[in-house]
Amino acid sequence: MPTISIEPSRSIVLRGGALGDSILTLPLISRLSGLGPVTVLTRDAYFPILRGMLPSLDLLSIDSAMAATLFHSPDKSWQSVFD
């Protein structure tokens with residue numbers, strides 16, 4: 001039987017929906033974390049849930065002033081996230 005080799009990768013998950021939608025994303029985040037580092041851009045209120053599930057996640061607040069620049073005029077502060 002052939003084997004599939006998956007190279008390590010870095011993932012970014014943008015999750016700005018309601019709590020139920022965010023909970024539905026947890027299996028995806030868990031699977032991605034097995035492939036490499038994961039950064040989750042989500043609401044501050046969901047940080048405790050995500051930290052409880054996977055303490056190694058990088059969490060960024062979607063409610064922050066920095067997040068407001070993501071789609072308008074990204075600055076250099078986003079470079080480390082998307083490298």
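How many salt bridges does a search of the whole structure find? The search finds one, and we will visit it at the end of this tour. Keep in mind as you click along that this is a predicted model.

**Stop 1: two strands and a helix**

Start by selecting residues 11–15, which form strand β1, together with residues 38–42, which form strand β2. These two strands pair in the parallel sense, with five bridges between them. To see how they line up, show the side chains of Leu 14 and Leu 41: Leu 14 stands opposite Leu 41 in β2.

Now add residues 19–33, helix α1. With β1 and β2, this helix makes a β-α-β unit, and the unit is right-handed.

**Stop 2: Thr 39**

Stay on strand β2 and pick Thr 39, which lies in it. Is Thr 39 buried or exposed? Its relative accessibility is 3%, and since buried means under 20%, Thr 39 counts as buried. Display what surrounds this residue: setting aside residues up to four places away in sequence, Thr 39 touches Arg 10, Ser 11, Ile 12, Val 13, Asp 58, Leu 60 and Val 81.

**Stop 3: the nonpolar cores**

Next, select Val 13, Leu 26, Ile 29, Leu 32, Val 38, Val 40, Phe 47, Leu 50, Leu 54, Leu 57 and Leu 59. These eleven residues are the largest nonpolar core. Colour by element and you will find that α1, β2 and α2 (47–53) each give two or more residues to this core. Helix α1 supplies the largest share, three residues.

Zoom in on Leu 54, one of the core residues. Leaving aside its neighbours within four places in sequence, Leu 54 is in contact with Ile 29, Ser 30 and Ser 33. Apart from the largest core lies another, of five residues, including Ala 67, Leu 70, Trp 78 and Val 81.

**Stop 4: the salt bridge**

Finally, select Arg 43 and Asp 63, the two partners in the salt bridge. Side chains of opposite charge can pair when their charged atoms come close. Here the closest N and O atoms are 3.4 Å apart.

Where in the chain do the two partners sit? Arg 43 is in the loop between β2 and α2, while Asp 63 is in the loop between β3 (58–61) and α3 (65–68). The pair links distant parts of the chain, 20 residues apart. Switch on a surface here: Arg 43 is partly exposed, with a relative accessible area of 30%, and Asp 63 is also partly exposed, at 48%.

How values were computed
Residues numbered from 1 in each chain as written. Predicted model: local features only at pLDDT ≥ 70, side-chain atom pairs only at ≥ 80, totals over all residues. Heavy atoms only, no water. Pairing = 2+ DSSP bridges. Helix = DSSP H or I, 4+ residues; strand = E, 2+ residues; numbered from the N terminus. Right-handed = clockwise from strand over helix to strand, strands pointing away. Core = buried A, V, L, I, M, F, W, Y, C linked by side-chain atoms within 4.5 Å. Buried < 20%, exposed > 50% of the residue type's maximum accessible area, 1.4 Å probe, protein only. Contact = heavy atoms within 4.5 Å. Salt bridge = Lys/Arg side-chain N within 4 Å of Asp/Glu carboxyl O.
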